[in-house]
Amino acid sequence: MPVRRVEHIMGLPISLDLRDGDAELAERAFASLRQADSQFSPFKPDSEVSRLDRGELTREELTPDLVEVLSLCDWYEDSTGGAFTARVPGRGLDPCAVVKGWAVQRAADILREGGASSYCLNAGGDVVTAGEPEPGKPWRVGVRHPDFADQVCVVLGVRDGAVATSALYERGQHILDGRTGQPVTGILSVTVFSDDLAIADTTATAAFALGRDGIEWAASQEDCEVFIVDEDRKVFSSPGLPVHIC
Amino acid sequence: MKRAIPVLALSVAGLVPVWLYSPGAAHEGEINEAAAAPETQQQKQTPAPAAPKTTSPAPKANGTAPTTQQQQQQQTQTRNVSGPAVNTSEGTVQVQVTLQGTKITDVKALRAPNSNPTRMALPLLRESALKAQSADIDTVSGATATSEGYKQSLQAALDGAK
């Protein structure tokens, strides 16, 4: 039975297109997203992240999930020389950039473990897909054009995989370079294809934070294929990107 | 230890031009230029030398290196060149460089301590112009990050469409 559902969680519209599962399975996936929100949100005073930030928890008292999220934050912070950071000076601990991809991937894994083999889960433009929507056809994941909201600039054909895009078009300049605290310039849109959304999403965000340096940095990340648009509307793409010819 | 691999990879990368050096390749830059502009290269073409595997010195014409069939072929041929196995305090490291003509297209660690052969990250990017299309799609990446934006987004249209 196909299920389609949209719910706003973590401040994101989350759309599920489940081709072979039931509403109960879909609910379990959405419940895990709501749970991630209450556990990791820096905007909820009683979340684990907020309690850690206030010093109410020690590292030893953290759940394995938060330890995993924080270690991902640390890894990308190191790898980008601090351009990507979960601790922007003057603000509290904010692992959102990692939590989003991590939590959505976990929700997708719940669907798979629940027996689903064909679905597309889209959280605010970050996508996990499995199987095929129709026999012989991949999921067609359009990448939003940086200038036109109603058009795409490339279509990827994805079966089991994850696609994340970090871009400037909606919230204005919302990604800061952790090295300078200043808004990032040089790049308009970074799309990363990988087999895990935690990796794809964080790589896209971190590449964006690096500005122009992020182009080569993202392309050199293991198991990541990129599609990057710079300020001059020039496109840089990996040869391994699964571009779908329409 | 991780640092040793890129360093070795770079060392090998640095050696490659030296290995490739032959008197005939002295005008590599010009050959590349010719390859980039095939129509002019055609005009400058001279008969190919008999020995297929050498890049023997070819006579100069109009101060430009003539491009032969072999050289042209070498320009696009894919070859793997393995570096020496180097013993480090952490173990043996050996890298392999893949060349397309004279361009390095990939670097792979054949042997690295405590790890399987891995593809070294070497960015290979294609450049193109940004295009806009309104294609038939199932979902949108980078669609929206806010509730307000979502209402007007392509993804919202897709969610409502089926």
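A helix crossing is right-handed if the near helix is turned clockwise from the far one by less than a right angle. I begin with that because my first entry is a crossing of this kind, that of H4(A) and H5(A). The model I am reading is predicted.

**Entry 1: two helices of chain A**

I looked up H4(A), residues 96–113, beside H5(A). Their axes come within 7 Å and cross at roughly 155°. Angles over 145 degrees count as roughly antiparallel. H4(A) and H5(A) are therefore roughly antiparallel to each other. The crossing is right-handed.

Next I listed who meets whom. H4(A) brings Ala97(A), Val98(A), Lys100(A), Gly101(A), Trp102(A), Val104(A) and Gln105(A). From H5(A) they meet Leu197(A), Ala198(A), Ala200(A), Asp201(A), Thr202(A) and Thr205(A).

**Entry 2: the chains in outline**

I then stepped back to chain A. I find 6 helices and 12 strands there. Chain A has 246 residues, and buried ones make up 50% of them. I also checked contacts with a separation of 6 or more in chain A: 57% of them join residues 24 or more positions apart.

For chain B the secondary structure comes to 6 helices and 7 strands. Four helices come first from the N terminus, then seven strands, then two helices. Of the 162 residues in chain B, 20% are buried. In chain B, 36% of the contacts with a separation of 6 or more are between residues 24 or more positions apart.

**Entry 3: a sheet of 9 strands**

I traced an open sheet of 9 strands. Its order is E1(A)-E2(A)-E3(A)-E4(A)-E7(A)-E10(A)-E11(A)-E12(A)-E6(B), with antiparallel pairing. The edges are E1 of chain A, residues 3–9, and E6 of chain B, residues 126–129; each pairs on one side only. On average, neighbouring strands here are turned by 15° against each other, direction ignored.

I started from the E1(A) edge. E1(A) pairs with E2(A), residues 12–18, in the antiparallel sense over 7 bridges. Val3(A) has Leu18(A) in E2(A) as its bridge partner. Helix H1 of chain A, residues 23–40, packs on the sheet and touches E1 and E2 of chain A. The direction of H1 makes about 15° with that of E1(A).

H5(A), residues 197–209, packs on this sheet as well. It touches E4 (126–130), E7 (161–167) and E10 (187–194) of chain A. Its direction makes about 160° with that of E10(A).

**Entry 4: strand E7(A)**

How many residues of E7(A) are buried? I count 7 of the 7, so the strand is largely enclosed by the rest of the structure. In a regular strand the side chains alternate between the two faces of the sheet. I therefore checked each side of E7(A), and both faces are covered. Gly161(A), Val163(A), Thr165(A) and Ala167(A) are buried on one side. On the other side Ala162(A), Ala164(A) and Ser166(A) are buried.

I followed its pairings too. E4(A) and E7(A) run antiparallel and are joined by 3 bridges. Val128(A) has its bridge partner in E7(A), namely Ala162(A). E7(A) and E10(A) also run antiparallel, joined by 6 bridges. There the partner of Val163(A) is Phe193(A), in E10(A).

**Entry 5: the nonpolar core**

Which residues have the most contacts inside the largest nonpolar core? I find Ala200(A) and Ala218(A), in a core of 84 residues. Ala200(A) is also among the H5(A) residues that meet H4(A).

I looked closer at Ala218(A). Leaving out residues up to four places away in sequence, Ala218(A) touches Val190(A), Val192(A), Thr203(A), Ala207(A), Cys224(A), Val226(A) and Ile228(A).

**Entry 6: a sheet of 3 strands**

I found an open sheet of 3 strands, ordered E6(A)-E5(A)-E7(B), with mixed pairing. Its edge strands are E6 of chain A, residues 152–158, and E7 of chain B, residues 139–141. Neighbouring strands in it are turned by 35° against each other on average, direction ignored. E5(A), residues 139–144, and E6(A) pair in the antiparallel sense over 6 bridges. Val143(A) has Val154(A) in E6(A) as its bridge partner.

**Entry 7: where the chains touch**

Last, I looked at the contact between chains. It involves 35 residues of chain B and 49 residues of chain A. On the chain B side, E6, E7, H5 (147–151) and H6 (154–161) each supply at least two residues. The largest share of that side comes from E6(B), with 4 residues.

Conventions
Residues numbered from 1 in each chain as written. Chains lettered and ligands numbered in written order. Predicted model: local features only at pLDDT ≥ 70, side-chain atom pairs only at ≥ 80, totals over all residues. Core = buried A, V, L, I, M, F, W, Y, C linked by C-beta atoms within 7 Å. Buried ≥ 20, exposed ≤ 12 C-beta atoms within 10 Å, placed from the backbone. Contact = placed C-beta atoms within 7 Å. Pairing = 2+ DSSP bridges. Axes fitted to C-alpha atoms, helices over the stretch in contact; angles between N-to-C directions. Parallel < 35°, antiparallel > 145°, perpendicular 65-115°, else oblique.
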